[in-house]
Amino acid sequence: MRNDILVFAEHFRGTLNDITYELLGKGRELAQSLGSRLFVSLLGHEVGGLVERLGAADHVCLVDRPELEEFASDSAKAVLEAILEDVQPRLVLLGSTSIGLESLGLISARKGVPCLDNCTRLESRDGQLVATCQIYGGKVFVEVALPEATTLVAVVPGSFPKEPGEVATKPELRNIALPPVLPEARTTFRKLLELPPGDVDITKAPILVGIGRGIQNADNMSLAEELAAALSGVVCASRPVIDQGWLPFTRQVGKSGMTVKPKLYLALGISGAPEHLEGMKQSELIVAVNTDPNAPIFSVAHYGAVVDALELLPLLTEEVSNQATKKASS
Amino acid sequence: MVTAIAKAADRADLVDAGLDSPLNNHAAAQIFAELLGGGLFDLILTGVRAIDDLDGSLGGLVAGTLDLPYAGLIRKADADGDGKIVIVQKEYPGGYAVELVVRLPTVLGIQAAEQPPRYVPISRLRQVMKTATVEEVSVAPPSQQPLDVTRLFKPEEGAGAVMISGDAQEAARQITSLLSERRLLR
């Protein structure tokens, strides 16, 4: 087996997702280190225009068919399997995203090849590929020596820089042998569901007060709202708060919610599961407050305090309000 | 297991698989596939991700092993009238979702139930404890080998963050000072 690398490109509404460039950049680095070739698969309908954005790869496996318009169909997975069969890569890189994870375990089991999820680091040590992955909500890291056989690795978005993967030249097209008619799909796309209109757009707010399990109950939500008002910011949350129905889905930050990059992200009572971190770690200033000194949120925060968020909230609101009053009177 | 029956399940099986290696969902999937395959069930529901998932989540692995379709991150699922399909909503990044039609049999990874039956009255639990039986099922140890884990380690405590010391009052004062310096206050 060669040491070739294959990246599964993700795109949405005509644009390549950042994770695609992040994987291409890492793939390019590893391919150079291993002396191998970098392939990228591009599946969809009328997506040929995206090929010229994939120049970090040596070859692009383009499959353009109407039934591939949405990745969620199992036609897409059948095509991915055919590409794997054709390229026979040593390493397959996918996003640990709602799109990539749909294929990871399924293809791993069907093809009988190993897979890894939640990867945040990937390197070649004298030709031995080593992946570092997060488990237990990011509180433990696992280092795994990848086998020589084809291995699928799903990478957490934001783990690698995207700039090395942004190369605007056209890679060589590789023809993939596919049956003229794909097997009948058992999962088919029906429609895209847009966000409900009316709520504030947290991706545009410069100051966000993020709350997590530490808020404890719905009655304490007003404490967060008061701090947000004092800071002229907006309250957002990690998944557990949204699942409780204390804030609408439009305020969720993380893997299946929004990706935010505000000037200030105050993380209060948020432990920092990988799914949440990937949605906020590019904020300009992150201040985290949690009672657990080992909380993963401190690994991405610029400033941290090990105190109870519920105790801090009214005190911080008061300090901020006093400061504003002083400023106004000076 | 009894609580599961009290909430909704008709039957509960406790599986003794002799799994001696953690972090090996491929082995767990092999066991579940052996127990759940053969057309016994039209709909197999799993979670989306467990905290110790290293080699992929269980749902996709079980589906792949049984050659069934899989859709994960499901926040809503409705069975169609004729019992041949389910219509699901799957979460996408950026707050979007897609509606999919999935033909049965299938495996779904459930992200969030709409109205999960979290609370079981004690009276119901007591009643079930008297009548329900939990089957203990033994299966042969799976053949799937675990990954070659070379190191387990904790991230450095507070790595990357400048830690603010003191109690909540002191933290409030220092955070306010920091925000003022950064011109982030009105």
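This passage describes the contact between chains A and B and the sheet that both chains help to form, as found in a predicted model.

In the predicted model, 67 residues of chain B are in contact with 77 residues of chain A. On the chain B side, the elements that give two or more residues to this contact are α3 (58–66), β3 (70–79), β4 (85–91), β5 (97–103), β8 (148–153), β9 (162–164) and α5 (168–181), and the largest share, 10 residues, comes from α5(B). By class, the side of chain B that touches chain A comprises 36 nonpolar, 16 polar and 15 charged residues.

Strand pairing also links the chains. Strand β12 of chain A, residues 187–193, runs antiparallel to β5(B) and is joined to β5(B) by 6 bridges; within β5(B), B:Val102 is the residue that stands opposite A:Thr187.

A further pairing across the chains belongs to an open sheet of 10 strands with mixed pairing, in the order β11(A)-β5(A)-β4(A)-β1(A)-β6(A)-β10(A)-β7(A)-β8(A)-β9(A)-β8(B). The edges of this sheet are β11 (172–173) of chain A and β8 of chain B, each of which pairs on one side only. Within the sheet, strand β7 of chain A (residues 115–125) and strand β8 of chain A (residues 128–135) pair in the antiparallel sense over 6 bridges, and A:Ser124 has A:Leu129 in β8(A) as its bridge partner. Helix α2 of chain A (residues 74–87) packs on the sheet, where it touches β1 (5–8), β4 (38–44), β5 (59–64) and β6 (91–95) of chain A, and the direction of this helix makes about 155 degrees with that of β4(A).

Definitions and conventions. Residues numbered from 1 in each chain as written. Chains lettered and ligands numbered in written order. Predicted model: local features only at pLDDT ≥ 70, side-chain atom pairs only at ≥ 80, totals over all residues. Contact = placed C-beta atoms within 7 Å. Helix = DSSP H or I, 4+ residues; strand = E, 2+ residues; numbered from the N terminus. Nonpolar A, V, L, I, M, F, W, Y, C, P; charged D, E, K, R; others polar. Pairing = 2+ DSSP bridges. Axes fitted to C-alpha atoms, helices over the stretch in contact; angles between N-to-C directions.
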